[in-house]
Amino acid sequence: MSEQRPPLPPFTEQTARQKVQAAEDAWNTRNPHQVSLGYSVGSVWRNRHEFFSGRAAIVEFLIRKLR
């Protein structure tokens, strides 16, 4: 079962703004676990020379980066 957090596509201008604000609010917490929930379980990230995938790897990266 996939995790879905409204608002979901297709977006109106209002729901797109809500989605962007929710992402911004998560990043502003500087909490790696909370930030990671904004990305799918199979997300693939790249940071300069690092490539990693999955929420666990995202959390590990953010712990290093945000501290």
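These questions and answers walk through a predicted model of one protein chain.

Reader: In what order do the elements of the chain run from the N terminus on?
Author: The chain holds three helices and two strands. Helix α1 covers 13-29, and α2 covers 32-36. Strand β1 takes residues 44-47 and strand β2 residues 50-53, while helix α3 spans residues 55-66. From the N terminus on, that gives α-α-β-β-α.

Reader: How many bridges join strand β1 to strand β2?
Author: The two strands run antiparallel. One of their pairings links R46 with its bridge partner F51 in β2. The count of bridges between β1 and β2 is four.

Reader: Which residue in the turn of the hairpin has a positive phi?
Author: β1 and β2 form a hairpin with two residues between them. The residue in question sits in the loop between β1 and β2. Its phi is about 55°, although it is not a glycine. It is R48.

Reader: Is R48 buried or exposed?
Author: The cut-off for exposed is over 50% relative accessible area. R48 has 66% relative accessibility, so it passes that cut-off and counts as exposed.

Reader: Where is R30 found, and is it buried, partly exposed or exposed?
Author: R30 is found in the loop between α1 and α2. Its phi is near 60°, a positive value in a residue other than glycine. Buried means under 20% relative accessible area and exposed means over 50%. R30 has 48%, so it lies in between and is partly exposed.

Reader: Which residues make up the largest nonpolar core?
Author: Seven residues belong to this core. Helix α3 gives the most to it, with four residues. The full set is V35, W45, F52, I58, F61, L62 and L66.

Reader: Which residues does F52 touch, leaving out those up to four places away in sequence?
Author: F52 is one of the residues of the largest nonpolar core. A touch here means heavy atoms within 4.5 Å. On that basis, F52 touches S43, V44, W45, A57, I58 and F61.

Reader: What percentage of the residues count as buried?
Author: The chain has 67 residues. To count as buried, a residue needs under 20% relative accessible area. The share that does is 25%.

Reader: Which peptide bonds are cis in the stretch with P6, P7, P9 and P10?
Author: P7 and P10 both lie in the segment before α1. The bond from P6 to P7 has omega near 0°. The bond joining P9 and P10 has omega of about 0°. The cis bonds are P6 to P7 and P9 to P10.

Reader: How far apart are the C-alpha atoms of P10 and K65?
Author: P10 lies before α1, and α3 covers residues 55-66. P10 and K65 are 55 residues apart along the chain. P10 counts as exposed, at 77% relative accessibility. The C-alpha atoms of P10 and K65 are separated by 33 Å.

Reader: What does the C-alpha trace span along its principal axes, and what area does the chain expose?
Author: The trace spans about 35 × 25 × 20 Å. Carbon and sulfur atoms supply 55% of the exposed area. That area is about 5300 Å².

Reader: How far apart are the mean positions of the positive and negative charges?
Author: The chain has 10 positive and 6 negative charges. Their mean positions are apart by 5 Å.

How values were computed: Residues are numbered from 1 along each chain as its sequence is written. This is a predicted model: local features need pLDDT of at least 70, side-chain atom pairs count only at pLDDT 80 or more; totals for chains, interfaces and linings use all residues. Side-chain values use heavy atoms; hydrogens and water are left out. Two strands pair if DSSP finds at least two bridges between them. Buried means under 20% relative accessible area, exposed over 50%, partly exposed in between (1.4 Å probe, protein chains only). Accessible areas come from the Shrake-Rupley method with a 1.4 Å probe; for residues, only the protein chains shown count as cover. Lys and Arg count as positive and Asp and Glu as negative; His and the chain ends are not counted. The place of a charge is taken as NZ of Lys, CZ of Arg, CG of Asp or CD of Glu. A nonpolar core is a set of buried Ala, Val, Leu, Ile, Met, Phe, Trp, Tyr and Cys residues joined through side-chain atoms within 4.5 Å.
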